[in-house]
Amino acid sequence: MKIGFLFPGQGSQKVGMGKDLYEAYEEVRKIYDEVSEITGINIKQISFEGPEEKLNETQNTQLAILTQSLAILEILHKNGITPQMSAGLSLGEYTALIEAKAISFKEGVKLVQKRGEIMHNLTPEGNWKMAAIIGLGNKEVEEACSKVQSGFVVPANYNTIGQIAISGQEEAVKEAGEIAQEMGAKKVMLLNTAGPFHTEKLSKCSEALKVELEKVTINTKTNTKVIKNIDGKPYEETDDIKTILSNHIKSPVRFDKVLQTMLAKRNRHIHRNRSRKNPIRLSKKNAHTKQHKHNKHKQHRNLRKSNKRSSIGDSS
């Protein structure tokens with residue numbers, strides 16, 4: 001049996017995330033402590049106590065989601081569960097690269113901290129929003145965005161078949177959602193994010209992130225089991241990861257292609273590393289999940305309980 005891991009992105013956060021695991025596992029407490037020591041941020045307090053407004057600030061959100069993902073990984077690895085392939089939605093790609101040891105734990109945590117700070121400080125001012133459009137194809141969503149007259153909006157996350165997130169100015173996003181519903185969309189949902197993520201509006205963020213990426217040591221020999229967001233293909237040893245990740249922040253996420261690649265390689269059993277119950281779910285056409293049974297039933301009940309509250313993230 002092949003196993004694939006999927007890691008969440010920004011938008012999957014919720015106050016209290018990870019608290020049950022922190023209370024149940026020494027390994028989880030160690031991860032939270034290490035992240036706080038590396039970053040100087042009390043990510044445990046922000047994650048467990050909020051307030052929500054503080055957790056939703058992108059520089060905190062990204063670090064909180066990464067920390068919980070790494071904590072869950074620690075439990076899975078301890079129980080002998082490792083992936084043959086992995087991927088993450090936007091921010092989650094960094095978790096996948098850390099899991100694959102393409103980026104070290106310490107450098108990965110520092111990099112995500114810098115990524116969050118860059119996006120917080122350099123995202124252009126404006127009323128930005130994202131929304132998920134469910135029930136339309138790629139071309140229909142692209143057409144809906146092209147018809148908008150009230151401002152900037154484009155498809156940003158091609159999550160899976162019939163589930164696409166759009167990003168842009170709030171009024172334009174709402175207008176695109178209305179057009180999409182007129183075109184037959186089953187549902188339009190505003191997401192818990194506030195930035196033009198994965199669009200050309202983050203060009204300055206991309207440039208600043210490239211500077212930080214140049215400081216990071218990349219192990220290209222271990223990254224080949226990670227699937228890239230930018231094109232849905234596995235990383236190769238010859239890939240320029242630093243350029244890919246800097247472009248990644250301003251380019252659409254092709255998670256639909258990521259899932260197709262994983263299934264084509266027969267990764268039929270996919271663990272979704274989650275942080276809360278999330279409206280964006282994988283199509284049954286694209287992914288299946290399976291719980292593994294172990295002797296340590298009590299520990300795994302705690303892990304599964306935490307996993308039920310979350311899923312793959314919506315955005316950055």
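Let me start with helix α11, residues 241-248, where six of the eight residues are buried, so the helix is largely enclosed by the rest of the structure. By buried I mean under 20% relative accessible area, with exposed meaning over 50% and partly exposed in between, using a 1.4 Å probe and protein chains only. The buried residues of α11 are I241, K242, I244, L245, S246 and H248, and what covers them includes α6 (92-99), α7 (105-122) and α10 (203-213).

Before going further, I should say that this is a predicted model, in which local features need pLDDT of at least 70 and side-chain atom pairs count only at pLDDT 80 or more, while totals for chains, interfaces and linings use all residues. Residues are numbered from 1 along each chain as its sequence is written, and side-chain values use heavy atoms, with hydrogens and water left out. Helices (H or I, at least four residues) and strands (E, at least two) are DSSP runs numbered from the N terminus, and on that basis the protein comes to 13 helices and seven strands. Of its 316 residues, 57% count as buried. Contact, for which I require heavy atoms within 4.5 Å, is counted here at a separation of 6 or more, and residues 24 or more positions apart account for 79% of such contacts in the protein.

Two of the helices that cover α11, namely α7 and α10, also pack on each other, at an angle of about 155° and with their axes 9 Å apart. The axes are lines fitted to C-alpha atoms, for helices over the stretch in contact, and the angles run from 0 to 180 degrees between N-to-C directions. That makes α7 roughly antiparallel to α10, given that angles under 35 degrees count as roughly parallel, over 145 as roughly antiparallel, 65 to 115 as roughly perpendicular and the rest as oblique. On the α7 side the residues are L111, K114, R115, I118, M119 and L122, and they meet K204, C205, A208, L209, E212 and L213 in α10. The residues of this contact divide into eight nonpolar, no polar and four charged, where Ala, Val, Leu, Ile, Met, Phe, Trp, Tyr, Cys and Pro count as nonpolar, Asp, Glu, Lys and Arg as charged, and the others, Gly among them, as polar.

A second helix pair is formed by α2 (residues 26-39) and α5 (residues 58-78), which pack at an angle of about 140° with their axes 9 Å apart. That makes α2 oblique to α5. From α2, the residues E27, V28, I31, Y32, V35 and T39 meet L63, T67, Q68, L70, A71, E74, I75 and K78 in α5, and the residues of the contact divide into eight nonpolar, three polar and three charged. Y32 of α2 is also among the residues touched by S47, which sits in helix α3, residues 43-49. S47 is buried, with a relative accessible area of 0%, and, not counting residues up to four places away in sequence, its other contacts are K14, V15, G16, M17, L55 and A64.

Turning to the strands, what is the order in the open sheet of four strands? The order is β4-β5-β3-β6, with antiparallel pairing, and two strands pair if DSSP finds at least two bridges between them. At the edges stand β4 (153-160) and β6 (187-190), each with a single partner strand, so one side of each is left without a neighbour in the sheet. Neighbouring strands of this sheet are turned by 25° against each other on average, direction ignored. β4 pairs with β5, residues 163-169, over six bridges in the antiparallel sense, and A165 in β5 is the bridge partner of N157. Helix α8, residues 138-146, lies across β3 (128-134), β4 and β5, and runs at about 160° to β4.

Elsewhere, β1 (residues 3-7) pairs with β2 in the parallel sense over four bridges, with M85 in β2 as the bridge partner of G4. In a regular strand the side chains alternate between the two faces of the sheet. From β2, residues 85-88, M85 and A87 point one way and S86 and G88 the other way, and all are buried.

I will finish with E200, in the loop between β6 and α10. E200 is exposed, with a relative accessible area of 55%, and, leaving aside its neighbours within four places in sequence, E200 is in contact with F152 and K250. E200 and I249 are 49 residues apart in sequence and 8.9 Å apart in space, C-alpha to C-alpha.
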